[in-house]
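Me: I've got a model open and I'd like to check the labels people put on it. Can we go through them one at a time?

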Amino acid sequence: MAAVSQSANVIEKAIGHVEGGVTEQNMTNPERDREAYADPSGERMKALAWMGKNTVEVVETFKPKIIEDGDVILKVTGSTICGSDLHLYHGAVIQLQKGDILGHEFCGKVDSVGPAVKNLKPGDRVVASFQIACGECMYCQKKLSSQCERTNTNKIENAMYGGRTAGMFGYSHFTGGFAGGQAEYARVPYGEVNLLPLPDDVPDEQGLYLSDVLSTSWNCVVDTGVKEGDVVAIWGAGPIGQMCAEMSFMQGAKRVIVIDGGAAAWRLDYVKSKTPKVETLNYTDLPRGESVTSKLKEMEHGGPDVALECAAGEYAKGMGHKIELALGLETDTSEIINEMITSVKSFGRCGITGVYVGFTNHFNIGGLMERGIRLIGNGQAPVHLYWKDLLKKLQDKSLNSGIMLTHRVNIDEMDTLYQKFDARADNIQKVFVQTRFSDPPAPGTPELTSWK
């Protein structure tokens with residue numbers, strides 16, 4: 001996959017970009033061009049950089065500077081690691097380059113603003129959306145910010161998908177090449193569009209997760225159409241799966257069954273400890289001859305009404321898919337999607353929120369067609385469509401993002417955090433990563449963990 005990624009970088013340079021971009025792209029580390037991208041003060045910062053497959057390092061690089069009138073420079077007060085970051089860590093997402101600063105979920109305090117920024121000022125507490133939207137194009141006018149037409153001009157993505165996502169922080173040159181927020185400072189283009197002010201009654205340990213996980217989970221549930229009385233099955237008991245379970249109940253689901261196993265099986269007990277109504281299914285405990293599908297149909301006549309994919313396509317279980325992934329014959333396994341198709345009731349609904357980046361083999365299209373299954377790609381969640389309403393839910397306590405928060409670490413140990421999170425070790429569910437600019441831990445949140 002690393003060779004594919006580097007080849008894609010070469011191809012992109014050769015074929016150029018789609019026209020219509022409105023913000024500077026492919027600037028994933030100010031160190032690459034100090035004169036163009038680094039703050040003239042010469043101030044240095046810590047940041048987490050991708051250095052190759054399964055290798056990240058905490059590096060010292062330059063603080064970014066304002067380069068466009070709508071820019072905001074943030075002092076990052078909180079970031080986190082996401083399952084999506086592991087796809088980068090593994091090299092499963094193409095067009096990474098050594099030294100790219102990662103991180104798409106972060107919050108902070110405004111450090112400085114460009115001359116076009118009127119509604120934000122230094123010191124304001126804000127959370128950034130993981131996507132970078134212009135606020136003006138066809139999709140942005142509908143708050144479908146993840147599909148902004150003007151902040152990612154990558155021609156390879158356009159050719160593969162028939163269109164492009166918005167630019168994304170810290171998520172390779174495939175999505176525009178923007179430096180991420182696993183750092184002490186971050187540059188936010190179109191700052192007034194892509195930053196949401198946080199009120200005093202919402203601490204960073206709650207507000208940070210509006211950046212991605214809360215919006216992504218909510219989008220998965222409502223876009224797939226979970227409704228009153230539904231039985232919902234969720235593949236993956238990580239933070240997205242956990243919040244999808246909670247939000248399915250908020251939408252009136254009658255039962256929610258969460259599926260996981262292997263090294264991540266401990267997460268099933270964790271999710272149930274926070275949401276006791278959840279039922280769990282550990283696929284590694286199934287006896288010979290029994291499958292996830294057969295067990296779900298045993299638990300619920302006909303199977304669940306809704307299936308939600310909150311895992312991802314890079315994790316193969318069967319040897320055939322493992323070989324095909326290793327040989328580059330597919331980029332994603334179809335195993336979970338096929339389980340969803342065969343598990344739900346006829347005319348059931350299947351939503352895909354876990355990351356799939358390319359093509360898959362052995363897809364059960366017959367089961368999809370013959371039984372009338374609705375397969376829904378939930379897409380990269382349009383954060384701007386949801387984050388104001390989700391903020392209100394945090395304020396009125398109808399939603400608590402704290403149920404997934406297990407650890408707090410310092411940014412200088414983030415390379416170790418990647419290794420631990422990838423191994424599903426130390427019972428790490430969701431993390432708050434602090435910097436020198438962070439406030440003390442909010443009451444009721446985890447104290448600092450150190451592995452030094």
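Reply: Sure. Start with what a helix is here: a DSSP run of H or I covering at least four residues, numbered from the N terminus. Keep in mind that this is a predicted model. With that in place, lysine 397 sits just after helix α15 and takes a positive phi of about 70°.

Me: What makes the span of α15 close to the one expected?

Reply: The helix covers residues 383-395, which is 13 residues. Its first and last C-alpha atoms are 18 Å apart, close to the 18 Å expected at 1.5 Å a residue.

Me: Which residues of α15 are buried?

Reply: Val383, His384, Tyr386, Trp387, Leu390, Leu391 and Leu394 are. As background, an α-helix has 3.6 residues a turn, so residues three or four places apart point the same way.

Me: How do you know that cysteine 137 has no disulfide to cysteine 140?

Reply: A disulfide needs two cysteine sulfurs within 2.5 Å. The closest cysteine sulfur to that of cysteine 137 belongs to cysteine 140 and is 3.6 Å away, so the gap is too far for a bond. Cysteine 140 is likewise in no disulfide, and the structure holds 0 of them.

Me: Why are cysteine 137 and cysteine 140 called buried?

Reply: The cut-off for buried is under 20% relative accessible area. Cysteine 137 comes out at 6% and cysteine 140 at 7%, so both count as buried.

Me: What makes methionine 319 exposed?

Reply: Exposed means over 50%, and methionine 319 has 55% relative accessibility, so the label fits. This residue lies in helix α12, residues 319-326. Together with Ile323, Leu327 and Leu329, Met319 makes a nonpolar surface patch of about 440 Å².

Me: Why is the contact of aspartate 439 with lysine 109 called a salt bridge?

Reply: The rule asks for a Lys or Arg side-chain nitrogen within 4 Å of an Asp or Glu carboxyl oxygen. Here N to O is 3.2 Å, so the pair qualifies. The bridge links distant parts of the chain, 330 residues apart: aspartate 439 is in the segment after β18, while lysine 109 is in strand β5. On accessibility, aspartate 439 has 37% and lysine 109 has 24%, so each is partly exposed.

Me: How do you know that lysine 420 and aspartate 426 form a salt bridge?

Reply: Their N to O distance is 3.4 Å, and the limit is 4 Å. Lysine 420 is partly exposed at 24%, and aspartate 426 is partly exposed at 39%. Elsewhere, salt bridges with shared partners join Glu43, Lys63, Lys75, Asp111, Glu184 and Arg436 into one network.

Me: How many salt bridges does the rule give?

Reply: The count comes to 27. One of them joins aspartate 111 to lysine 75, with the closest N and O atoms 4.0 Å apart. The two residues are 36 apart in the chain, with aspartate 111 in strand β5 (106-113) and lysine 75 in strand β3 (72-79).

Me: What makes β2 and β4 edge strands?

Reply: Each pairs on one side only. The open sheet has 3 strands in the order β2-β1-β4, paired antiparallel.

Me: How do you know that β1 and β2 pair?

Reply: Pairing takes at least two bridges, and 8 join β1 (residues 44-52) to β2. One bridge partner in β2 is valine 56, which goes with tryptophan 50.

Notes
Residues numbered from 1 in each chain as written. Predicted model: local features only at pLDDT ≥ 70, side-chain atom pairs only at ≥ 80, totals over all residues. Heavy atoms only, no water. Buried < 20%, exposed > 50% of the residue type's maximum accessible area, 1.4 Å probe, protein only. Expected span 1.5 Å × (residues − 1). Patch = residues over 30% accessible without salt bridge, like charges linked within 9 Å, V, L, I, M, F, W, Y side chains within 5 Å. Areas by Shrake-Rupley, 256 points an atom, 1.4 Å probe, with all protein chains shown as cover.
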